[in-house]
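Trainee: I would like to go through the charged pairs and surface patches of this protein. Can we take them one at a time?

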Amino acid sequence: MQYLKWENDGVLQPVNEFTEKDFDEIRKQHAQKSFELIRQRLIKRDRDSLDLGLEDDNYLEPIALVCKGHSTEYFSDVVKNLEHIPLTPSNKKFRGELLVALLLFADELDLHNSRADFSKVKLFTLNNVSQLHFFKHHYVDYIRVENQQIVINYKIHANSKHDFNQLKEWIEQKLLNQLTLVEQIFREGSNGKISIATKIKSNEDVDHFGLKREIPENVILYLSKESNTFSEKNDSSSSKLTYKYLMDLSTKQHEIEIDIVSAKYIKELFVPRNKLDNIFIKYLDSLDKTRTYNRLLPSENKNIEEHNEGIRTKNQRIAEQYPQKSNKELIELGVMSKEKKLLKEKQIKNCLLIMGEAGIGKTNLLCYLAQKYERDYPVVFLNGSRIILSEMQNVESVVTNYFNKLADIKSENILQESHSIVSVKGKSVLVFIDAINECLNLDLMRVYLGDVLSYYKDKNITFIVSCRDIDWRFFENEKAITEYIYIADEKIVQKSGATYLDSLDKNEFEQAWSLYREYFRLSGDISGEIFEICRQPIMLRFFCEAYEGGYVPKKDIKRIEIFNNYWDKKLIGTGEKREAQNFLFDLVSEMLKQKKAELIEIDVENVTNQKADKPHTTFSKVLSENIILYKEFDKKTREFKIGFTYEAFFEYVIARYFLNSFASHNNDYLLIKFKELVAMSEKFRNLVGAIEYIVLLLEDATNDDIDEDVYIEMVELLSRSKDKSLRVEAIIIMNKLKNIVYAKNSIKTLSDDRDLEINRGVYKVFVKNIMKFDCDYQRDILEILSTKTNNEFLDTSIKFVIDPHCEWPYYDLSPTVRDLVVDLSKCNFVNTKRVLSKSVLTSIPTNNLGTVIENLSADKDDIIIYNIIESLSFYLKELGEKDIENILTNLIENEKSDLTGLGKQIEKNLKMLPNHIIKDHINRCIEHGDEWAKMQAIFLMDKVITLKIMDIDFDIDNFITKFINDSDKNVRDIAGTHFVIGLGN
C-alpha cells in the first residue's frame, strides 16, 4: 500500500498525499480499470498483460463484466446489460446479475479487524479517508449472514463509545443501502433461496485488554462530515423528509402529545410492567417475521411449483408403465411421489391492543413504551380525545397534519412516505393511539382504524392501541380491527385477543410504593386493605396526593376516605373549599346536560358566572390546582376547552354531585334518578364509571341495616340490564364490594347468561368468594353455570374443590362443601370432570368416591372413561359391592369404553367381581368389540375356566362356539388354540 501512487494532472503522488477527491476517483475507476485489464486479455496477449490462467476465452467477458459491476458506480448499468443480452459462456447458463450482486454485497460485508494492521500503518501516513475506513474494520470482530440476517459483533475502545454510535450507524446504513440494490436480484436469481432481512442484529462489547485504539479527533470530525454527505445522498429527491429528519419530527410530535398528559404521566413514578414489556418485544419480533415470510412467499411458491412440475412429469411416466393401478395405489406403494402443497400467506397482526379499566395505567404504559423506543424507531403518539375525525379526515390525515404543522414538508401522506424511508433501515414506525374510546366520533374511529390496519398490514407501520374495557363493545364486532389484533401467549389475554392490563402485582407494587413514597414525601408503610386498594395505579396516585408530606394512616381506610381526602386537599388548596365544590358541581351539571367530558371556556363562564382570566376568581384558583382541571387551546375551533385531568376523578365528581343532589331523598326516589343515569350512559360513556363510584360510595357510607341499603338494588338493576357493558360493570363493582354476600341475587342473575365474557367474569367473582356462601348456594350457582352458559365457557376447569394446590385444600373444607364434588361429577364442565377422573384416588374420601366414579363412568368423554378404567384396580378395593356393580355396568355399556383395557382390569380382579359382570363384559366384546377386545375376552374366558369359576350363570360352551366361529381369522385362531382342547375335556 505504501508504494501505491496516483497520477494527478500528470504528476505521480504517493498514497499519503492523496486528497479526498483522489480517493473518490480511485473508488469510482478501480472497477472500470479491472474491466479494461481483463478485456485486454481478449485483444492481445503481451508479456505484461493480465493472465487469469483460463484456457477458455469465452469466460473472459463475463468475468470482466462481473468485476466492473461489483462497484456501486457501475452496478446498475452492468445488470441492465446482462438482462438485455444474457451471456452463455461455452453454451452454459450464466446467472450474471446474481453473480454481480453477490460480489458487490460480499465486498461490502468484507469487514474485519484483520484488515486493520497497525504495524503496517507506521510505514506511511494515512489521511482522514483511509483512517476512517481503517477504524471501520478495526472495531468489527465478527460479521456473518446467519438465518437470513446480518449479524455484527463490535469491540470498541471505552473512550470511543459515544463516537462509535455514529460510526456504527454509518457502517450499517452503507450495508443496508447496498442490500436494497441487490435484494430483489438475490430472491429472483436464486428462486428465493437467497434472502437477507433488512434488519441488522448487532452486539457491542468494550475492549478491556487495551487491544483497541481510540478514534482520533480528526477522524471523528471527518466521520460527521461523511455521515452528513451520506445522508444527503440518500435523501429522496422528491421530498425533504429523510430518516434523521423523520426521527427528529416524530420525537417532537410525541413529546408534545405526552406533555399534554403530563399531569397523569410522571416519568419518575413509572413502574415497568415486565410482562407487558416482554409481550411488546415479542409482538414486534412476530410482526417482523410474518412480514418477511409473506414477502418471500412468491419466490418460495415458485420453487414449489417448479418442484411439482418435475414430480408431475415423473408421475406421468410411471402411470404409463402401470396402467392397471390408480395413482393413489402407486403413491401408497411408494412408486409415485406426492406433490408439495403451496405455502399460504400468514395473517398479519399489526395491532397490539392494550385494554383495562379506567385508572389501571394504560396511558402510562403507552407513554413509557413510546419514550423507551424513541431512539430505535420513529414514534407517533395520538391521544384519542384529541383526534378529530370527519369524512374528509381519517387517521392518516391526522398524523400527516401533525407533521406538516411541525415542519414545512407539505407531505400528502406521512405514513406512506415514512414506510418508504424506514424500510431501507429495516425499521418500523410505531404509531401509538391512546384511548380510542375517547374519540368524539366512535363510528368513524371504528371504520378508519380498520382501514389503516388493513392498508398498512404488510408495510413497516406498526400500531399500539389502548381502549377502556367497558368501551370495547363499540369496536369488538368490527372484523377489520379484530382480525389484525396480536394475540399474546401469556395468560393475561382477554376480550377479543386484547392484552389486558390488570392491577399491580406484589412486586410491581413494591417498586411503585418505593418511588411514590419518596416522591410524595410520605412516612410509614402501606398494609392491609390500603394495599389492596392501591394496587390500582390511579388509587395509589390519589392516595399519595391525598396524604402528601404526611403520615400513612396506621389503620385500614376505605376507598371513600382516599377520595375524600384527595378532594378536600385539592379544594382546600384553592383557599375556597365550599365555593370550589359548588363551582365543580356546576361544571359537572353542565357537562351532563351537554353529554360532554369537556366544555368551551365561554360555557363554563356562563354556567358559573366566573372568569378564568381574572386572578382571584374560584375558576382561576381551581385551574391553578391543575391536577383537577386542565385548560387547553383547540386550534381548530380557536377556543379554550376545560375538562377534568383524570377521567376516573371526573367520574368520581359526577358520583359526588349525584349523591349530593339526591341522597337526602328516600331510596325509591334515589333509585328512579339512578335508573335515569343508567339510561343516559348509552350516550355519555363516562356515566358508566360514575355509576360504579355511586355504588361504592353508598356502600362505604352504609349503616348496619343492610336490608335498607339501596346500593344492592342498584347492582341488581345493572345485572339485569340488556346492555352488556352495564352487566360487565356490575361484575366489576361486585369485585370491589367489601361484602359480596349481599350481592348473591346479582351473581345468580349474571350466572344465567349466554355471553362468554359475562360467564367468565361472574365465575371469577364466585370462585374468589366461594367460602363466603353456603353450600346450597354454591350448588345452585354451579348448576346454572354448567347448564345455561355459553358452550365455550363449559371448557373451564373448576378445580377449586379438588385441586390440592388450590387456596382451599379439599380436606380443609366443611363436609357440606366437600359434597359439592358429587355435583361436579355430573355437571357439563368437561375439563372439570377430567380433573376429577384423575384426582379421585387421592382427593375424595370413601363416602363420596362411589357416587363420583359412578357418575363419571356414565360420561361420554373418551379421556374421562380412559382415566376411570386406568385407575379401576385401585378403587375397586375401596368401594362396596353395589358401587362396583354400578360402575362396571356403566363402563361395559358405555360406547366410549376401551373394552380391551377394561377386560384387562376385570381379568386382574376376577375373583372379587360379581359373575354377571364377567358375563356381561364377554358378551359385550363378542357383540360390539373389535378384534383386540375379542382376543382379550378369550384370555378372560381362559382364566375363568382355569380358575374353575363354573357357577357363573351362562353357557361357557356357547361363548366358546361364538369365538371359534367369529368372522375374524385371528380371533378364530386364538380361540382354537385356547378352547378346542378344553371342549374335548
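**Salt bridges and patches**

Mentor: Asp 458 forms a salt bridge with Lys 459, with 3.7 Å between the closest N and O atoms. Keep in mind that this is a predicted model.

Trainee: Is Asp 458 buried or partly exposed?

Mentor: Buried would need a relative accessible area under 20%, and exposed one over 50%. Asp 458 has 48%, so its class is partly exposed.

Trainee: Which residue forms a salt bridge with Glu 651?

Mentor: General chemistry first: side chains of opposite charge can pair when their charged atoms come close. For Glu 651 the closest N and O atoms of the bridge are 2.5 Å apart, and the partner is Arg 468.

Trainee: How many residues apart are Glu 651 and Arg 468?

Mentor: Glu 651 sits in helix α24, while Arg 468 belongs to strand β9. The pair links distant parts of the chain, and the separation is 183 residues.

Trainee: Is Arg 468 buried or exposed?

Mentor: The limit for buried is under 20% relative accessible area. Arg 468 has 5% relative accessibility, so it counts as buried.

Trainee: Which residues form a positive surface patch with Lys 302?

Mentor: Lys 302 lies in helix α10, and at 46% relative accessibility it counts as partly exposed. The other members of the patch are Lys 93, Arg 95 and Lys 193.

Trainee: What is the area of the nonpolar surface patch with Tyr 322?

Mentor: Tyr 322 is in the loop between α10 and α11. Together with Leu 333 and Val 335, Tyr 322 makes a nonpolar surface patch of about 250 Å².

Definitions and conventions. Residues numbered from 1 in each chain as written. Predicted model: local features only at pLDDT ≥ 70, side-chain atom pairs only at ≥ 80, totals over all residues. Heavy atoms only, no water. Patch = residues over 30% accessible without salt bridge, like charges linked within 9 Å, V, L, I, M, F, W, Y side chains within 5 Å. Areas by Shrake-Rupley, 256 points an atom, 1.4 Å probe, with all protein chains shown as cover. Salt bridge = Lys/Arg side-chain N within 4 Å of Asp/Glu carboxyl O. Lys, Arg positive; Asp, Glu negative; His and termini not counted. Charge placed at Lys NZ, Arg CZ, Asp CG, Glu CD. Helix = DSSP H or I, 4+ residues; strand = E, 2+ residues; numbered from the N terminus. Buried < 20%, exposed > 50% of the residue type's maximum accessible area, 1.4 Å probe, protein only.
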